[in-house]
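Reader: I'm new to protein structures and don't know where to begin. Could you walk me through this one?

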Amino acid sequence: MIKKFLLAICVAIPALVSAQAKFGTVDVEPIITGMPEYAQANTQIQEASAKYQSEYKTLQDEMNKKMAEFQQLSQDPNTPQSIKDRRIQEIQEMDERAQQFRATAQQDLENQNAQLMQPIQEKMINAIKQVGAENGFTMIFPVGAAIYESTDVVDVTPLVKAKLGIQ
């Protein structure tokens, strides 16, 4: 008899708890892209990227010029092989520098992006937490994180947008 009673309680408690639970989902992409800070960060990254592209193009132009000079030099039968070899080595070194510059620029852009996006993401997360606390949500998940969502799940994206002042 006690076992049946305990079993009934064990089955009933989760049902009662889940009946009180309130779950929500949030689509973070339109929130982040709608924040004015995101537009500013994106502009800064685009400007830095344009500067790096310009510098890389300058390096490529210099290397192409050296290649053209080498092609003319290599066709001259009076040019010693040691000079040709030195020019080849110069071109290879320029190519290595260009590739190293490109890798460094890519890493720097990724670091800048992460640094600029961190406060934006924190602001959004804090807004989601506030909406969850103010509206009595048990949990709020990113859209698409759950395999199944019941019709009881509330989309809190509009509430978070309103909290952040986003249209």
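Author: Sure, let's start with the basic vocabulary. Helices are DSSP runs of at least four residues and strands are runs of at least two, and both are numbered from the N terminus. Keep in mind that this is a predicted model.

Reader: How many helices and strands are there in the chain?

Author: The chain has 5 helices and 3 strands. If you walk along the sequence, you meet them in the pattern α-β-α-α-α-β-β-α.

Reader: And the strands, how do I read a sheet?

Author: Here's the general idea: strands of a sheet pair through backbone hydrogen bonds, either parallel or antiparallel. In this model, the 3 strands form an open sheet in the order S2-S1-S3, with parallel pairing. The edge strands are S2 (139-142) and S3, each of which pairs on one side only.

Reader: Over how many bridges do S1 and S2 pair?

Author: S1 and S2 pair over 4 bridges, in the parallel sense. To see this for yourself, find phenylalanine 23, whose bridge partner in S2 is methionine 139. Then find valine 26, whose partner in S2 is proline 142.

Reader: What about S1 and S3, in which sense do they pair?

Author: That pairing is parallel too, over 2 bridges. Look for threonine 25 here: its bridge partner in S3 is aspartate 155.

Reader: Okay, on to helices. Which residues of helix H5 are buried?

Author: Buried means under 20% relative accessible area. In H5, which spans residues 157-164, the buried residues are Thr157, Val160, Lys161 and Leu164. Seen down the axis of H5, these residues fall within an arc of 100°, so they line one face of the helix.

Reader: Which exposed residues sit on the face of H5 turned away from the buried side?

Author: Pro158 and Ala162 are the exposed residues carried there.

Reader: What covers the buried residues of H5?

Author: The cover includes strand S1 (23-26), helix H2 (28-34), helix H4 (81-134) and strand S3 (154-155). After H5 comes glycine 165, with a positive phi near 75°.

Reader: You mentioned H4. At what angle do H4 and H5 pack?

Author: They pack at an angle of about 115°, and their axes are 9 Å apart. The crossing of H4 past H5 is right-handed. On the H4 side, Lys123, Met124, Ala127, Ile128, Gln130, Val131 and Glu134 meet Leu159, Val160, Lys163 and Leu164 of H5. Sorted by class, this contact has 7 nonpolar, 1 polar and 3 charged residues.

Reader: Can we try a single residue? Where is methionine 63 found, to begin with?

Author: Methionine 63 is in helix H3, which covers residues 36-75. Its relative accessibility is 11%, so methionine 63 counts as buried.

Reader: Leaving aside neighbours within four places in sequence, which residues is methionine 63 in contact with?

Author: With those neighbours set aside, methionine 63 is in contact with Ile91, Met94 and Asp95. For a feel of sequence against space, take methionine 63 and glutamate 93: they are 30 residues apart in sequence, and their C-alpha atoms are 9.7 Å apart.

Reader: And for the chain overall, what share of the residues is buried?

Author: Buried residues make up 22% of the 167 residues. As for contacts between residues at least 6 apart in sequence, 85% of them join residues at least 24 apart.

Note on methods
Residues numbered from 1 in each chain as written. Predicted model: local features only at pLDDT ≥ 70, side-chain atom pairs only at ≥ 80, totals over all residues. Heavy atoms only, no water. Buried < 20%, exposed > 50% of the residue type's maximum accessible area, 1.4 Å probe, protein only. Arc of directions from axis to C-beta. Contact = heavy atoms within 4.5 Å. Axes fitted to C-alpha atoms, helices over the stretch in contact; angles between N-to-C directions. Left-handed = near helix turned anticlockwise from the far one by under 90°. Nonpolar A, V, L, I, M, F, W, Y, C, P; charged D, E, K, R; others polar. Pairing = 2+ DSSP bridges.
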